[in-house]
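User: Please take a close look at one part of this model, namely how its helices pack against one another. I would like a connected account that also sets this part within the whole chain.

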Amino acid sequence: MNIGIVGLGLIGGSMAWDLRSLGFHVLGVSTREQTCEKAIAKGIVDDASVNLSLMATADVIFICTPIAAIAPTVEQLVPYLSSTAILTDVGSVKAPVVKAISELWPNFVGGHPMAGSTQSGIGAAMRDLFVGRPYVITPTETTPTLAVDRVEEIARSLGSHIYRCHPADHDRAVAWISHLPVMVSASLIAACMSEVDPDIVSLAQHLASSGFRDTSRVGGGNPELGVMMAKYNRQELLRSLHSYRQHLDRFINDIEQESWEVLQQNLEQNQQNRKNFKSC
């Protein structure tokens with residue numbers, strides 16, 4: 001089977017690397033010739049090009065571009081596709097992407113491998129990035145069953161745990177556990193930098209350890225990705241942010257009122273609830 005990867009960054013490059021090691025013939029497309037050369041030299045792909053025409057022989061194609069580029073990329077890709085080609089994507093927002101692409105190519109399956117790092121580019125590609133990680137498939141009532149099964153089969157071969165859900169349900173869920181944390185984490189960094197005494201800022205920066213590192217990691221990641229999350233999942237992100245603000249206000253009130261027993265009860269409840277989030 002020929003697998004096409006459009007976008008050879010962290011996700012696309014890592015996926016291509018693993019799929020090639022599994023015996024698939026992998027073709028990659030990047031907007032940069034240098035990236036294509038690196039992908040071939042490192043053995044990540046069998047062949048690579050800056051031209052989408054390379055995808056003409058691909059049976060399944062993964063669109064691994066930033067969210068804003070997915071639909072424009074598919075529009076340019078359609079003239080080169082075989083009639084049986086299956087398209088899928090890896091975007092972290094699904095409802096608008098699935099709607100847009102399904103109108104361009106009916107043999108499309110929305111997907112979201114929930115793995116990554118703060119690094120980007122072909123140099124960040126790594127083996128086994130998807131092992132043990134969730135891979136969400138978001139078919140609709142009109143998505144061809146054969147296409148869904150084929151994409152799931154490939155995702156499962158990467159060692160991922162497969163989940164199926166409606167695109168809108170996906171977006172509502174990831175707003176809580178992915179998009180909201182990015183904004184909260186970014187706000188944490190901004191709040192720390194609002195300290196008016198530069199000596200205190202410097203001291204805090206030198207004292208920062210694992211707690212600050214862990215809670216600030218996603219907020220210090222790729223700014224473009226954060227903007228795309230907010231732009232394409234705006235309503236669900238706003239809903240989660242308003243809820244978060246309400247809960248933060250409750251903590252502020254407990255501390256202001258010195259309601260230590262209430263605060264402890266809330267913290268104990270959160271300690272128990274955290275255990276239900278599988279990767280924590």
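Analyst: The account below begins with the chain as a whole and then turns to the packing around helix 10.

The model is a predicted one. Its chain contains 11 helices and 9 strands, and the C-alpha trace spans about 65 × 45 × 30 Å along its principal axes. Of the 280 residues, 39% count as buried. The accessible surface of the chain amounts to about 15300 Å², and carbon and sulfur atoms contribute 54% of it. When contacts between residues at least 6 apart in sequence are considered, 66% of them join residues at least 24 apart.

Helix 10, residues 234-256, is described here through two packing partners, helix 6 and helix 11.

The first partner to consider is helix 6, which covers residues 167-192. The axes of helix 6 and helix 10 come within 9 Å and cross at roughly 60°. Because of that angle, helix 6 is classed as oblique to helix 10. The crossing of these two helices is right-handed. On the side of helix 6, the contact is formed by D171, R172, A175, W176, H179, L180, M183 and V184. Helix 10 contributes E236, L237, R239, S240, L241, S243 and Y244. Sorted by class, this contact comprises 8 nonpolar, 3 polar and 4 charged residues.

The other partner is helix 11, residues 260-274. Helix 10 and helix 11 pack with their axes 8 Å apart, at an angle of about 145°. Their crossing is left-handed, whereas that of helix 6 with helix 10 is right-handed. Here helix 10 presents F251, D254 and I255. These residues meet W260, V262, L263, N266, L267 and N270 of helix 11. By class, the contact has 6 nonpolar, 2 polar and 1 charged residues.

Helix 10 thus takes part in both contacts, with residues including L237 and Y244 facing helix 6 and residues including F251 and I255 meeting helix 11.

A single residue in another helix may be added to this picture. T35 lies in helix 2, which runs over residues 33-41. T35 counts as buried because its relative accessibility is 9%, and the cut-off for that class is under 20%. Apart from neighbours within four places in sequence, T35 is in contact with L8, S30 and I122.

Technical notes:
Residues are numbered from 1 along each chain as its sequence is written. This is a predicted model: local features need pLDDT of at least 70, side-chain atom pairs count only at pLDDT 80 or more; totals for chains, interfaces and linings use all residues. Side-chain values use heavy atoms; hydrogens and water are left out. Axes are lines fitted to C-alpha atoms, for helices over the stretch in contact, and angles run from 0 to 180 degrees between N-to-C directions. Helices (H or I, at least four residues) and strands (E, at least two) are DSSP runs, numbered from the N terminus. Angles under 35 degrees count as roughly parallel, over 145 as roughly antiparallel, 65 to 115 as roughly perpendicular and the rest as oblique. A crossing is left-handed if the near helix is turned anticlockwise from the far one by less than a right angle, and right-handed if clockwise. Contact means heavy atoms within 4.5 Å. Ala, Val, Leu, Ile, Met, Phe, Trp, Tyr, Cys and Pro count as nonpolar, Asp, Glu, Lys and Arg as charged, and the others, Gly among them, as polar. Buried means under 20% relative accessible area, exposed over 50%, partly exposed in between (1.4 Å probe, protein chains only). Accessible areas come from the Shrake-Rupley method with a 1.4 Å probe; for residues, only the protein chains shown count as cover.
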